[in-house]
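Work through the exercises below with the structure on screen. Try each task before reading its solution.

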Amino acid sequence: MVSLTLKGAAARTATAVPRSGRATPYLFLAPYLLLFVVFVLAPAIYGFWISLHDWDYLLEARPFVGLGNYTALLDPESAVYADFWMSMRATGIFTLFSVPFLVVLPLGLALLLHRPFRGRTFFRGLFFAPYVLGVAVVSLMWRLLLDPNLGLVDWLLGTDIGWTTSLPWAWIALVGVTVWWTIGFNGVIYLAGMQDIPRDLYDAAKVDGAGKWAEFRHVTLPGLRPVALFVVTTTILASANMFGQSYLLTQGAPGGETRTAIYYILDQGLSQYKMGSAAAMSYVLTLALILVSVLNFRLFRRRS
């Protein structure tokens, strides 16, 4: 009885927080919360307000149209309906074909670079190096290499392919360049996750007579599940927000087939001065990405 009383008193002492210290966590959170409110929450609210207006930033008159910019995206007779959903289709195509490569290939690369061999550090840096380059450098470099008239790729292959001007070659170029550019980043993420898997699990698997494939299925993959969730989610979001490659490499060719949603939204807002319509499009795209992210989290939760 005495021991229980002492344990209760100790628990109350351990959990009791002085009133003067209750604000400490909020003081630590304050800088982040301030930045979040100023640079994320406030612009998001302001952007939604813009989407409710016929907003031309060069004019003073910005009439309120309510949900008109949103209903126009669902009206086949509107001027923006066909082009917007064509750009959403292009975004879906790019995401569908790029994400599997950017999830599976980096995993295989990480498995190879995780093994000890001579020059391992050099090859890790070699595969990660392209990710350091900016999107403008990567896109313009590959635009020159894939040029149908002067490109080195066609000269080496002995072909005459319009890599940036015809289908399906334009999609192959966009996906291929993006995979080459970003494969190292996801590979490093996987590699870091593999280093956190306890070595004891592999030793126990060997004792049980498990081979390499069994180790991969029953030790590596379960240990990488949180990392895989991060990689899949961020890769989907990054692919769905692709702009630079489409703008600089293919310039939306042919006929706007490779013009992604972000590309079209920027064109509407900054070139056509239709900020209200562009803001509405961005929120529709955001809603679609939120739904995809939620489905992705639920899928990984069911597997776990």
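**Exercise 1.** Is Phe 123 buried, partly exposed or exposed?

*Solution.* The model is predicted. Phe 123 has a relative accessibility of 33%. Buried requires under 20% and exposed requires over 50%, so Phe 123 counts as partly exposed.

**Exercise 2.** Classify the aromatic pair Tyr 131 and Phe 185, and state where each residue sits.

*Solution.* Step 1: the ring centres of Tyr 131 and Phe 185 are 4.8 Å apart, and the angle between the planes is 20°. Step 2: planes under 30 degrees apart count as stacked, so this pair is stacked. Step 3: Tyr 131 belongs to helix α5 (residues 120–132) and Phe 185 to helix α8 (residues 169–195). With their positions 54 residues apart, the pair links distant parts of the chain. Step 4: Tyr 131, at 32% relative accessible area, is partly exposed; Phe 185, at 28%, is partly exposed too.

**Exercise 3.** Which residues have the most contacts inside the largest nonpolar core, and which helix gives the most to this core?

*Solution.* Step 1: this core has 20 residues, and Val 103, Leu 107, Tyr 190 and Leu 224 have the most contacts inside it. Step 2: the helices that each supply at least two core residues are α4 (81–114), α8, α9 (199–207), α10 (212–223) and α11 (225–240). Step 3: the helix that gives the most is α11, with 6 residues.

**Exercise 4.** Leaving aside neighbours within four places in sequence, what is Tyr 190 in contact with?

*Solution.* Tyr 190 is in contact with Val 103, Pro 106, Leu 107, Ala 110, Leu 224, Val 227, Ala 228 and Val 231.

Notes:
Residues are numbered from 1 along each chain as its sequence is written. This is a predicted model: local features need pLDDT of at least 70, side-chain atom pairs count only at pLDDT 80 or more; totals for chains, interfaces and linings use all residues. Side-chain values use heavy atoms; hydrogens and water are left out. Buried means under 20% relative accessible area, exposed over 50%, partly exposed in between (1.4 Å probe, protein chains only). Rings of Phe, Tyr and Trp (its six-membered ring) pair if their centres lie within 6.5 Å; planes under 30 degrees apart count as stacked, over 60 as edge-to-face and the rest as tilted. Helices (H or I, at least four residues) and strands (E, at least two) are DSSP runs, numbered from the N terminus. A nonpolar core is a set of buried Ala, Val, Leu, Ile, Met, Phe, Trp, Tyr and Cys residues joined through side-chain atoms within 4.5 Å. Contact means heavy atoms within 4.5 Å.
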